[in-house]
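I opened the model to look up its core, two of its helices and a few single residues. My entries follow the order in which I checked them.

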Amino acid sequence: MSRPTPAVDGPAAQAREQLPEDDRAGFDRLVHAVLSSAGATRQPALGAVLRSQLPGTAGVRWLHAEGLSPTSRADALTPEHWLSLYGAWQANASAPRAGGRANGHGPRADSRHGHAPGAQAAPRWF
């Protein structure tokens, strides 16, 4: 059973109103991911939250470009920040990930390393 998505309010809601209808579902997913990562009592730093949402160093680069500290909290984001974050999130959503192929089954087997495909090297203690 899935948990209900919290209603978007505050600056995130103001940013959502500026988006076309087609983009609102994706925006809601991003806002939910950023805001639901907050603990029951304390909201984590944006630097930590964005590591799971933007690949590699994209989150830190976005924070730097927006003039925000990695220790800033999500409640410090303005509507303009939310729109900018959504743009960065969309740009990186289809970015290729390291170590994976297009079909998602990992790197292709290669026998150039001296072993037959699927074989493993002998353990060091032999």
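The notes below run from the core to the helices and then to two glutamines.

**Core.** I noted at the start that this is a predicted model. I looked up the largest nonpolar core and found 22 residues in it. I listed those with the most contacts inside this core: Phe27, Val34, Trp62, Leu77, Trp82 and Leu85. I then checked which helices feed the core. At least two residues each come from H1 (11-17), H2 (24-36), H3 (46-51), H4 (58-66) and H5 (79-93). H5 gives the largest share, five residues. I added one general remark: in soluble globular proteins, nonpolar side chains tend to be buried together.

**Leucine 77.** I took Leu77 from the core list and looked up its partners, leaving aside neighbours within four places in sequence. On that basis, Leu77 is in contact with Pro11, Leu46, Trp62, Leu68, Trp82 and Leu85.

**Helix H2.** I checked the span of H2 from its first C-alpha to its last. With 13 residues, H2 reaches 17 Å, close to the 18 Å expected at 1.5 Å a residue. Which residues of H2 are buried? I found Arg24, Gly26, Phe27, Asp28, Leu30, Val31 and Val34. I then looked at what covers these buried residues, and H1, H3 and H5 are included.

**Helix H5.** I repeated the span check on H5. It has 15 residues and reaches 21 Å from first C-alpha to last, close to the expected 21 Å at 1.5 Å a residue. I recorded Pro79, His81, Trp82, Leu85, Tyr86, Ala88, Trp89 and Asn92 as buried in H5. The buried residues of H5 pack against H1, H2, H3 and H4.

**Glutamine 53.** Where is glutamine 53 placed? I located this residue in the loop between H3 and H4. Its side chain makes a polar contact with the side chain of serine 52, at 3.4 Å. Leaving aside neighbours within four places in sequence, I found glutamine 53 in contact with Leu30, Ala33 and Trp89. Of these, Leu30 is among the buried residues of H2, and Trp89 is among the buried residues of H5.

**Glutamine 90.** I found glutamine 90 in helix H5. Why is glutamine 90 classed as partly exposed? I class it so because its relative accessible area is 37%, and partly exposed runs between the 20% and 50% limits. I also looked up a C-alpha separation: glutamine 90 and glycine 26 are 64 residues apart along the chain, and their C-alpha atoms are separated by 8.5 Å. Gly26 is itself one of the buried residues of H2.

Note on methods: Residues are numbered from 1 along each chain as its sequence is written. This is a predicted model: local features need pLDDT of at least 70, side-chain atom pairs count only at pLDDT 80 or more; totals for chains, interfaces and linings use all residues. Side-chain values use heavy atoms; hydrogens and water are left out. A nonpolar core is a set of buried Ala, Val, Leu, Ile, Met, Phe, Trp, Tyr and Cys residues joined through side-chain atoms within 4.5 Å. Buried means under 20% relative accessible area, exposed over 50%, partly exposed in between (1.4 Å probe, protein chains only). Helices (H or I, at least four residues) and strands (E, at least two) are DSSP runs, numbered from the N terminus. Contact means heavy atoms within 4.5 Å. The expected span of a helix is 1.5 Å times one less than its number of residues. A polar contact is a pair of N or O atoms within 3.5 Å; within protein, one must be able to donate a hydrogen and the other to accept it, and residues adjacent in sequence count only if both atoms are side-chain atoms.
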